[in-house]
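Morning, everyone. Please put the sequence and the model up on the screen.

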Amino acid sequence: MLYGKEHVARYQETDGAEGHDWQGTVTLLLTTTGRRSGKEYTTPLIYQPEGDAYLVVASKGGADEPPEWYLNLQANPEVTVQVKGDRFTARARTATAQEKPPLWKKMAATWPAYDEYQQKTDRDIPVVVLERV
């Protein structure tokens, strides 16, 4: 099973032939710019397509604080996304309260633990929309 840096490396080396399909779902690579360091950070995340966009969830396993990648994209919403061999620039935004319910349902259908994560924290776990630019 691939995790963390190894997951990123194998995904990049194989254009997702290794790493896209993961634990019964699918992952993309999200590259954000560090809000303090200015360095690029790449994170494998479970996703689902939504029209021409892609959805990811800033769950951090239900932790009370959001994941670093989410804080980074809030500071700089221009990100790089890789889905299999397709690499592109995207703008990241948090789904609005009105948009979120069906998007959350879609993400929880592909990774049911998201519902458990939300029950573990008072933080409203965001769904992030990645829109190709």
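I'll take two helices, then the pocket, then the aromatic rings and two single residues. One thing up front: this is a predicted model.

Start with helix α1, residues 4-14. Which of its residues are buried? They are H7, V8, Y11 and T14. Look down the axis of α1: these buried residues fall within an arc of 155 degrees, so they line one face of the helix. Now turn to the face of α1 pointing away from that buried side. There you find K5 and E13, both exposed.

What covers the buried residues of α1? The cover includes four strands: β1 at 21-22, β2 at 25-33, β3 at 40-46 and β6 at 78-83. One more detail at this end of the chain. D15 sits just after α1, and its phi is positive, about 50 degrees.

Next, helix α3, residues 100-110. Here the buried set is K100, L103, W104, M107, A108 and T110. Around the axis they cover an arc of only 155 degrees, which puts them on the same side of α3. The other side of α3 carries exposed residues: P102, K105 and A109.

And the cover over α3? Which elements does it include? Strands β2 and β3 are among them. So are β4 at 48-50, β5 at 53-57 and β8 at 127-132, along with helix α4. Keep β2 and β3 in mind. They were also part of the cover over α1.

Now the largest pocket. Its space comes to about 480 Å³. How many residues line the largest pocket? The lining has 24 residues. Nearest the centre are T43, P44, L45, K60 and W69. Several elements give two or more residues to this lining: α1, β2, β3, α2 at 68-75 and α4 at 113-120. Strand β3 gives the largest share, five residues. By class, the lining splits into 14 nonpolar, eight polar and two charged residues.

On to the rings. The count is seven aromatic pairs. Let me show one of the pairs, Y47 with Y54. The ring centres are 5.5 Å apart, and the planes meet at 75 degrees. That pair is edge-to-face, because planes over 60 degrees apart count as such. Are these two tyrosines buried or exposed? Y47 has a relative accessible area of 7%, so it is buried. Y54 is at 14%, so it counts as buried too. There is also an aromatic cluster, made of Y3, W22 and W111.

W111 comes up again with T25. T25 is in strand β2. Its relative accessible area is 7%, so T25 is buried. What does T25 touch, leaving aside neighbours within four places in sequence? It is in contact with H20, I46, T110 and W111. T110, you'll recall, is one of the buried residues of α3.

Last residue: D115, in helix α4. At 37% relative accessible area, D115 is partly exposed. Again leave aside neighbours within four places in sequence. D115 is then in contact with W104 and A108. Both of those are among the buried residues of α3. D115 and W104 are eleven residues apart along the chain, and their C-alpha atoms are separated by 8.8 Å.

That's the tour. Happy to go back to any of these views.

Methods. Residues are numbered from 1 along each chain as its sequence is written. This is a predicted model: local features need pLDDT of at least 70, side-chain atom pairs count only at pLDDT 80 or more; totals for chains, interfaces and linings use all residues. Side-chain values use heavy atoms; hydrogens and water are left out. Buried means under 20% relative accessible area, exposed over 50%, partly exposed in between (1.4 Å probe, protein chains only). The arc is that of the directions from the helix axis to the C-beta atoms. Contact means heavy atoms within 4.5 Å. On a 1 Å grid over the protein atoms alone, a cavity is a set of points where a 1.4 Å probe fits but cannot get out, and a pocket is an open set with protein on both sides within 12 Å along at least five of seven lines; lining residues have an atom within 4 Å of a point. Grid points are joined across faces, edges and corners, and a volume is the space filled by probe spheres set on the points. Ala, Val, Leu, Ile, Met, Phe, Trp, Tyr, Cys and Pro count as nonpolar, Asp, Glu, Lys and Arg as charged, and the others, Gly among them, as polar. Rings of Phe, Tyr and Trp (its six-membered ring) pair if their centres lie within 6.5 Å; planes under 30 degrees apart count as stacked, over 60 as edge-to-face and the rest as tilted.
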